[in-house]
Amino acid sequence: MFVKVCGLSTPESVQAAVESGADAVGFVLTKSPREVSPDRARDLLVHVPEGVTAVGVFRHEAAADAVATAREAGLEWVQLHGSRSPEDVKIVHDAGMQLIRAVTMGAAPDEFGEWGEELLLIDAAVPGSGEAWDYASVRKLGLGARHWLLAGGLTPSNVGAAVLEAEAWGVDVSSGVESSRGVKDLDLVRAFVQAAKS
């Protein structure tokens with residue numbers, strides 16, 4: 001089970017994620033309560049060991065701008081939310097970076113196609129709400145053996161069931177491991193990774 005913990009903004013939260021076995025960590029480089037500057041992300045990157053993927057997360061920025069900011073932060077992975085096109089995938093790859101493309105459950109059917117991204121992230125129809133949704137509905141997309149992440153409303157208490165319902169390859173969490181908006185609870189971070197992995 002591939003586990004990504006997103007929206008990290010302190011050395012302590014990064015360490016809690018990686019020490020508990022997270023496969024990837026996300027730094028939000030777009031307007032958000034979890035936003036960090038490229039310089040801050042670069043500082044946090046020091047706490048990410050070899051073998052753990054560090055990702056720069058963007059919402060509506062143009063792909064080229066996201067790539068430039070990620071490069072400034074020292075990151076090699078970009079996660080793009082919002083309305084995207086296969087051209088965006090090409091821009092990220094042409095820059096020598098790897099891509100997580102985020103799609104909401106309410107997106108048009110063609111957006112779930114394979115556009116060449118390394119990972120597809122499937123979020124709730126209303127992303128950022130932090131509310132659980134019908135995870136089993138992902139199965140009707142017929143993603144098969146593709147590498148994709150389930151996101152939206154996941155917590156330490158529901159991630160195990162959600163993974164089974166959706167037949168997910170991996171999971172991504174942010175608000176589900178927070179004590180308040182944008183503030184990670186280190187115990188919840190550890191509990192989430194443990195629950196997902198087990």
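A β-α-β crossover counts as right-handed if, with the strands pointing away from the viewer, the path from the first strand over the helix to the second runs clockwise. Keep that in mind for this tour of a predicted model.

**Stop 1: the unit around α2.** Select β2, α2 and β3. Together they make a right-handed β-α-β unit. Now look at the two strands alone. β2 and β3 pair in the parallel sense, over 5 bridges. Pick Phe 27 in β2; its bridge partner in β3 is Gly 56.

**Stop 2: strand β2.** Select residues 24-28. In this strand 5 of the 5 residues are buried, so β2 is largely enclosed by the rest of the structure. Show the two faces. Ala 24, Gly 26 and Val 28 point one way, while Val 25 and Phe 27 point the other way. Residues on both sides are buried.

**Stop 3: strand β1.** Add residues 2-5. β1 runs parallel to β2, and 2 bridges join them. Find Val 5: its bridge partner in β2 is Val 25. Then trace the chain from β1 through helix α1, residues 11-19, to β2. This β-α-β crossover is right-handed.

**Stop 4: helix α3.** Select residues 63-73. Which residues of this helix are buried? They are Ala 63, Ala 66, Val 67, Ala 70 and Ala 73. These residues lie on the same side of α3, because they cover an arc of only 125 degrees around the axis. Next, display what covers them. The cover includes α2 (38-45), β3 (53-58), β4 (77-80) and α4 (86-94).

**Last stop: Gly 74.** Select the residue that follows α3. Gly 74 has a positive phi, near 80 degrees.

Terms used: Residues numbered from 1 in each chain as written. Predicted model: local features only at pLDDT ≥ 70, side-chain atom pairs only at ≥ 80, totals over all residues. Heavy atoms only, no water. Buried < 20%, exposed > 50% of the residue type's maximum accessible area, 1.4 Å probe, protein only. Helix = DSSP H or I, 4+ residues; strand = E, 2+ residues; numbered from the N terminus. Arc of directions from axis to C-beta. Contact = heavy atoms within 4.5 Å. Pairing = 2+ DSSP bridges.
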